[in-house]
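Visitor: I have a new structure in front of me and would like to learn how to read it. Could you walk me through it?

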Amino acid sequence: MTTLDIAALRSFVAVVAFSGVRRAAEALYLSPAAVSGHLRRLERELGCRLVEGQGRGIGLTSDGEELALRARLILQEHDEAVQTLRGPQPDELLVAATEHAAEFLVPTVTNALSRVFPEKHIRLRLTRSAQVRRLADDSRADVALMLNQASRASRSVASLPLQWVGLDDAPRDQVVLFERPCAVRDLAIAALGKRRHRVVKECSNLASVLTTVRNGAGVTALPRTGPIPHGLHCIEDLPTIPNVQLYLALSRRVNERARATLVGSLRTALADPAAP
C-alpha cells in the first residue's frame, strides 16, 4: 500500500500556498532542490502529475487540486495529534496564516522571528482564516495572520485594498472564488451587488484560484499585499471592493520586543512590497 510522506506533503502544501518552489523552500528552510524532490516523490508514489509550470509560478493539475484539498486535512490531523500528545516544544514556534498572506507576508514574519529567536525552529500552518482564528484562540499558534474577523487578543496591522485581477480579456461576469467561509469572497460578492455575475468555480486553495484565472475562466478578488500574480492584470472596470483588515495574534511565548518587530516588519513590507 502506498504511504505518503508527511514531509513531502508539507512541501506540496507550501508550494500550493506560495505558488512556487523557491518561496516555499525559503519558508520551510529547505533548499529548492529538496522541495522539488518532495514533489517528484509524491508524483512517483501516486502515479500522476500534480503541478505544471505556469509562467514564473506553478499551476495545479486536476489531481493536484484533489491532493491539495486532502493534504491540508491530513497535515491538520497529523499536526494536531502531535501537538496534543507531545505538547508545545520550547524550541519551536508555530506560525499560522491565511493563504492570502502566504506569498509576501509569511516570509516577512518568519524572517523577523528568526532574527529575534535565532534558536527557535519555526513551523508553518497555511490554512483558511477561520482555522487560523481557532489556532490563535486555542493558544496553539504562536503567531497568527488572519483576515477580517479578529481572534481574541489580536490587533489590526493594516487595512488591505482588495482588487479584481484576471486576464485582460477575461469575462467580467464570471468569477472565481474561494469556497466559503472566506472574507474576501463575501466582500467581492457584496461589491458586485445586482451586477450580473456567475461564480464559475469555487476553490479550496489559492493556487487553484490562480490556475483557473490564468486559464481565462474569469476574474477573482485578491488582497494587495505585493505585486499582482504573474500573468494577471488589475481589472479596473468592475465595482470597487472595500478593504479587508489584516489581524495579527501572538501567544504568550512571543515577547513585546518580537511583537514590535513583527508589526513593524509587516507594515514596512506592505508599504514597500520589495522590502525584505
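**Reading the structure together**

Guide: Let's begin with one residue and its surroundings. Leaving aside its neighbours within four places in sequence, Gln131 is in contact with Gln76, Glu80 and Arg125. Gln131 is found in helix α6, which covers residues 129-137. Please keep in mind that this is a predicted model.

Visitor: Is Gln131 buried or exposed?

Guide: The general idea is a cut-off: a residue is called buried when its relative accessible area is under 20%. Gln131 has 6% relative accessibility, so Gln131 counts as buried.

Visitor: Now the whole chain. How many helices and strands does the chain have?

Guide: The chain has nine helices and 12 strands.

Visitor: How do I judge the overall size?

Guide: Set the radius of gyration beside the value for a compact globule. For 276 residues that value would be near 19 Å, and the chain has 18 Å, which agrees. Along the principal axes, the C-alpha atoms fill a box of roughly 55 × 45 × 30 Å.

Visitor: What share of the residues is buried?

Guide: Buried residues make up 53% of the 276 in the chain. As for the outside, the chain exposes about 12600 Å², and carbon and sulfur atoms supply 50% of that area.

Visitor: What do contacts tell me about parts that are far apart in sequence?

Guide: Take the contacts between residues at least 6 apart in sequence: 76% of them join residues at least 24 apart.

Visitor: And the charges?

Guide: Here you can look at the mean positions of the two kinds of charge. The chain has 36 positive and 29 negative charges, and their mean positions are 3 Å apart.

Visitor: Which helix would be a good one to study?

Guide: Try α8, residues 206-214. Nine of its nine residues are buried, so α8 is largely enclosed by the rest of the structure. Among them are Leu206, Val209, Thr212 and Arg214.

Visitor: How should I picture the side chains along a helix?

Guide: An α-helix has 3.6 residues a turn, so residues three or four places apart point the same way.

Visitor: What happens at the two ends of α8?

Guide: At the start of α8, a side-chain oxygen of Asn205 comes within 3.3 Å of the backbone nitrogen of Ala207. After α8 comes Gly216, which has a positive phi near 85°.

Visitor: Could we look at a single residue inside α8?

Guide: Ser208 lies in α8 and is buried, with a relative accessible area of 1%. Not counting residues up to four places away in sequence, Ser208 touches Leu60, Glu65 and Cys203. Ser208 and Ser62 are 146 residues apart along the chain, while their C-alpha atoms are separated by 9.2 Å.

Visitor: Leu60 is a name to remember. What else does Leu60 touch?

Guide: Leu60 is also among the contacts of Phe12, together with residues including Leu39, Val51, Leu67 and Ala71. Phe12 sits in helix α1, residues 6-18, and at 0% relative accessibility Phe12 counts as buried. From Phe12 to Ala249 there are 237 residues in sequence and 26 Å in space, C-alpha to C-alpha.

Visitor: Could you show me a buried residue in a strand too?

Guide: Thr98 is found in strand β3, residues 92-98. Its relative accessible area is 4%, so Thr98 is buried. Setting aside neighbours within four places in sequence, Thr98 is in contact with Thr127, Ser129, Val132, Leu145, Met146 and Leu147.

Visitor: How do I spot unusual backbone angles?

Guide: Most residues other than glycine have a negative phi, and most peptide bonds are trans. Tyr29 is not a glycine, yet it has a positive phi of about 55°. Tyr29 lies in the loop between α2 (21-28) and α3 (32-46), and is partly exposed at 42% relative accessible area.

Visitor: Where is Ser139, which also has a positive phi?

Guide: Ser139 is in the loop between α6 and β5 (143-147). Its phi is near 60°, and Ser139 is exposed, with a relative accessible area of 58%.

Visitor: Which peptide bond is cis?

Guide: Look at the bond from Arg180 to Pro181, which is cis with omega near -5°. Pro181 belongs to the loop between β8 (174-178) and α7 (183-192).

Methods:
Residues are numbered from 1 along each chain as its sequence is written. This is a predicted model: local features need pLDDT of at least 70, side-chain atom pairs count only at pLDDT 80 or more; totals for chains, interfaces and linings use all residues. Side-chain values use heavy atoms; hydrogens and water are left out. Buried means under 20% relative accessible area, exposed over 50%, partly exposed in between (1.4 Å probe, protein chains only). Helices (H or I, at least four residues) and strands (E, at least two) are DSSP runs, numbered from the N terminus. A polar contact is a pair of N or O atoms within 3.5 Å; within protein, one must be able to donate a hydrogen and the other to accept it, and residues adjacent in sequence count only if both atoms are side-chain atoms. The radius of gyration is taken over C-alpha atoms; the globule rule is 2.2 Å times the number of residues to the power 0.38. Contact means heavy atoms within 4.5 Å. Accessible areas come from the Shrake-Rupley method with a 1.4 Å probe; for residues, only the protein chains shown count as cover. Lys and Arg count as positive and Asp and Glu as negative; His and the chain ends are not counted. The place of a charge is taken as NZ of Lys, CZ of Arg, CG of Asp or CD of Glu.
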